Amino acid sequence: MITVNSDGKIMVRRCLVTLRPFRIFVLGIGFFTLCFLMTSLGGQFSAKRLGDSPFTIRTEVMGALESRGVLRKMSDMLEMMVKRMDVLARLENSTDFRKGEEAHYPVDRFQPAVGLMERIQAIAQNVSDIAIKVDQILRNSLMNGKVVEGRRDQCEAPRDPKYPDCSGKVEWMRARWTSDPCYAFFGVDGTECSFLIYLSEVEWFCPPLPWRNQTAAMPSPKPLPKAQAAFRSDLSYLLELIGSGKESLIFMKKRIRHLAMQWILATRRLEQKLKGRRRDQKQILVHIGFLTEESGDVFSPRVLKGGPLGEMVQWADILAALFILGHSLKVTVSLKELQSNLGVPPGRGNCPLTIPLPFDLIYTDYHGLQQMKQHMGLSFKKYRCRVRVIDTFGTEPAYNHEEYATLHGYRTNWGYWNLNPKQFMTMFPHTPDNSFMGFVSEELNETEKQFIKSNKVSNMAVVYGKEASIWKLQGKEKFLAILNKYMEIHGTVYYETQRPPEVPAFVKNHGLLPQHEFQQLLRKAKLFIGFGFPYEGPAPLEAIANGCVFLQSRFNPPHSSLNHEFFRGKPTSREVSSQHPYVEDFIGKPHVWTVDYNNSEEFEAAIKAIMKTKVDPYLPYEYTCEGMLERIHAYIQHQDFCAGAAASLSVKPGSHAMQSSLSPFTLLPNASHLMWAYNASSSPQAWPPVHSMQVWVSEVRRACTETCQEHGLVCEPTFFKFLNKKDVFLQLSIACDSTEYEMNHLYPAVAETVRECYLQKEPLLYSCAGYSTKYRRLCPCRDYRKGQVALCRDCL
């Protein structure tokens, strides 16, 4: 049996108890040392993190001496602890334990103390080694800090004539850089260097800093060959892209499904026509701004209540056409989705995009255009040439040019965007300054046409308009009474059960009908009659395509922004002569009758004549699926407003290049207009091709739009740049005592009474619209394909 002195037991136990809290303390010191090293010196060992400012090294270096001092103090403390442990050990050895009892005492009871001593000594040595290494690192950092400090002396706004706005932008950044978090996102931290680096590398107002060249990005690799667009016939993926959750989107998807077979047949015909022509696949973003919650989305709640569907009809057809043509689409109907797809940095929209714009084209509307401008910063100006704006009523150049619109009273809530006017795309071809986008109407086969002709009810009329407000228009009672004498009148007015609409008792109201039931009603009716509103919707075309005659009111005087509330504020001065000018001008009798509803005799005579007239269902080619596919294909292949913008800047009006002595025009014998004279090999690259051009001179009070129409042509604003020359006046035998360059949307023109000629100074103001009692205008006209006014004969 082994015996142990009780005093020895107590002393050893006390020693171990004493060492436990000390061991915890020492471990705590070690952990604190590690944390301190990671916190204070992490920036020295780690790579630069996204969002770190490149201008904070000075702050880190300023803490170098303090960090080194702390490390030395910690090393000294650990050495002092080791010495005190040595004293404790000597005291332990000097006790009066009996040597015999010591021999019998278990040695392992002292091992924890011995191991702890060794660990403390090791920690002390490691801290000492770390202090030496940190001292070396901090010395190097201080040396680098001096270099950076020298570079910081170069962070002053340079006086470079190539960058005249640099100093002003730096001043603005000093005062306002905290106004938007996006500046901090790009590394701005309030220092002069951060301002200059941002203004030279993120924006482009200042020259690059010389000492930043070493960190400049490597040249980007050559872009990969573009994928080729292939026609598609399966629309299921498009329906997924459109999404759901809104009645407007559900309506658009139903329409696409309903017309799917017609789209497929049209695709096959166009594919044969193009004969395997190479087509690059475009990356396209479609952002329907008026359906976003931020714009109010007043359309979706009214889809099932008789609200206007024209815009959604057009957007559904645009999506179908772009997808079928084989392009890659992204579809957004929310601001958040738009920001994500564009690469908008966090903040309030004052900074450029974080990445180059990943889309070749963006189709949107005025609401979406405003949202893009608010959130793209300077990138909007850089990329706006890729935007196509779906614009129902059109935007004329005088309203589009911001400076000119402001100075001359053309500024509205919807204009002043400084786009190429051809970037605005309309529902009908009423504004040749813009591009005609259109929509499609259902096309009937021969069997369906014959069935409709044999089942028409000659005394049945359907009223155009689903909203009850249309029936409240003043003056309708008189012509409705006349119509009721000859025809049974049907309506499709939305109403709620407890509140029937205020329509005359003799009108048979079917309520709001689904599209296919409405089509069946039109196939039976003889007459589709408009009350003067809504303007320029798709329904009259659908009625004509289903064998109806469309009867509409002639406006005298024509409606415009000057005399009618509906058009007030819209960016156009266009005068609307009837409820639907397109069907009046491009279709006409016997399908379309335009009469004065205030003239009872004329109205009644028209009703009698219509009842006796037999008409076949008719649909203009440009409103078929094939016609729309053909038109959009031509736009995507040939319209490049980014290259056009650069070219217009490189050739200034009045320059030698524009005033070449060799005129490209010729005056034919016994003719009063000019034709393009150059052969095809020497003609400039332009779309439409220049050989389709003719130059006519308008009369006073006549716009170029009407002047070209009078000669069976259409005005083409792209050609203005070719005739904006003094020589053209001479070739047309127009005497000019003086010739001036000015900004005016009516130029080029001549004031013949005073023999003064004027040429256009601003290319964005070339305009087919507009007239004056003083000027005769030079008008560029071109031919067009029958049934496809947007394209010349050789434009496909």
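Here a trainee and a mentor talk through burial, disulfides and cores in a predicted model.

Trainee: Why is His 673 called buried?

Mentor: Its relative accessibility is 12%, and buried means under 20%, so His 673 counts as buried. You will find His 673 in the loop between strand 14 (665–667) and strand 15 (674–676). Leaving out residues up to four places away in sequence, His 673 touches Thr 666, Leu 667, Leu 668, Gln 694, Val 695, Trp 696 and Leu 732.

Trainee: What makes Cys 182 and Cys 351 a disulfide?

Mentor: Their sulfur atoms are 2.0 Å apart, and the cut-off is within 2.5 Å, so the pair qualifies. With 75 degrees about the S-S bond, this link is right-handed. Cys 182 lies in helix 7 (residues 181–185) and Cys 351 in the loop between helix 13 (335–342) and strand 3 (361–364), so parts 169 residues apart in sequence are tied together.

Trainee: Nice! And how do you know that Cys 715 and Cys 768 are joined?

Mentor: By the same kind of reasoning: S to S is 2.0 Å, and a disulfide needs sulfur atoms within 2.5 Å. This link is left-handed, with -80 degrees about the S-S bond. Cys 715 has 2% relative accessibility and Cys 768 has 0%; buried means under 20%, so Cys 715 is buried and so is Cys 768.

Trainee: Which core includes those two cysteines?

Mentor: A second, separate core of 28 residues, which also includes Val 697 and Cys 781. The largest nonpolar core has 83 residues, and helix 12 (residues 310–324) gives the most to that one, with 11 residues.

Terms used: Residues numbered from 1 in each chain as written. Predicted model: local features only at pLDDT ≥ 70, side-chain atom pairs only at ≥ 80, totals over all residues. Heavy atoms only, no water. Core = buried A, V, L, I, M, F, W, Y, C linked by side-chain atoms within 4.5 Å. Buried < 20%, exposed > 50% of the residue type's maximum accessible area, 1.4 Å probe, protein only. Helix = DSSP H or I, 4+ residues; strand = E, 2+ residues; numbered from the N terminus. Contact = heavy atoms within 4.5 Å.
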